[in-house]
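Reader: I would like to learn how to read strand pairing, backbone angles and surface patches in a model. Where should we begin?

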Amino acid sequence: MANEMMIFNPNQIETAVNNGGVWSTFLPETPAEKAQLFRALESSDEKISDYINKDITIANIVFSTVEVTSVNAEDVDPETGEVKMIERPKTVIIDDKGKTYSSVASGIFSSMKNLLAVFGLPDTWEKPMTVTIRLVKTKKGQTYRVDPKI
């Protein structure tokens, strides 16, 4: 059994987030753990975008849905100028000291799902995993990725 790869299905995250739910790598049981999850959902200590080419040590990850203002021109009402609100997945990394880092960037969301699919859930890791936040060029511009430091 020790050599078997644990299969993690990232669709679990998609399903939870697409239905307005929350998906977390830990199940809070104590009041302190519940408070940690609540704080991660409500606000964060840092923005992941402020950590480009810097390291974050991951202890846990939380995914949820938030409403943000659309940046697409087609989402502006031509008569009123009102900008449409859209739902986006929010990714929150909780580091090994309890500090939280958040992003609504699709690249971080995708990269963190892939990290969990390959490495499994944090409670299966020997120690918290350190990743470097990267901003990489794409055909359509740029996106965020994480680079595990193993």
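**Strands, turns and surface**

Author: Begin with a single pair: Phe63 has Thr91 in β4 as its bridge partner. The model is predicted.

Reader: How many bridges join β3 to strand β4, and in which sense do they run?

Author: There are 11 bridges between β3 and β4 (residues 85-95), and the two strands run antiparallel.

Reader: Which residue in β5 is the bridge partner of Thr91?

Author: Ser103 in β5 is the bridge partner of Thr91. Strand β5 covers residues 100-103, and its antiparallel pairing with β4 has four bridges.

Reader: What should I look for in the hairpin of β4 and β5?

Author: Four residues lie between the strands of this hairpin, and Gly98 has a positive phi near 90° there.

Reader: How do I read a positive phi elsewhere?

Author: Most residues other than glycine have a negative phi. Asn53, which is not a glycine, nevertheless has a positive phi of about 65°.

Reader: Where is Asn53 found, and is Asn53 buried or exposed?

Author: Asn53 sits in the loop between β2 (46-47) and β3 (55-69). Its relative accessibility is 53%, so Asn53 counts as exposed, the cut-off for exposed being over 50%.

Reader: Which residues make the nonpolar surface patch?

Author: Val118, Phe119 and Ile150 make a nonpolar patch of about 340 Å² on the surface. Ile150 belongs to the segment after β7 (141-148).

Reader: Is Ile150 buried or exposed?

Author: Ile150 is exposed, because its relative accessible area is 81%.

Terms used: Residues are numbered from 1 along each chain as its sequence is written. This is a predicted model: local features need pLDDT of at least 70, side-chain atom pairs count only at pLDDT 80 or more; totals for chains, interfaces and linings use all residues. Side-chain values use heavy atoms; hydrogens and water are left out. Buried means under 20% relative accessible area, exposed over 50%, partly exposed in between (1.4 Å probe, protein chains only). Patches are made of residues with over 30% relative accessible area and no salt bridge: like charges are joined within 9 Å, nonpolar side chains (Val, Leu, Ile, Met, Phe, Trp, Tyr) within 5 Å. Accessible areas come from the Shrake-Rupley method with a 1.4 Å probe; for residues, only the protein chains shown count as cover. A salt bridge is a side-chain nitrogen of Lys or Arg within 4 Å of a carboxyl oxygen of Asp or Glu. Two strands pair if DSSP finds at least two bridges between them.
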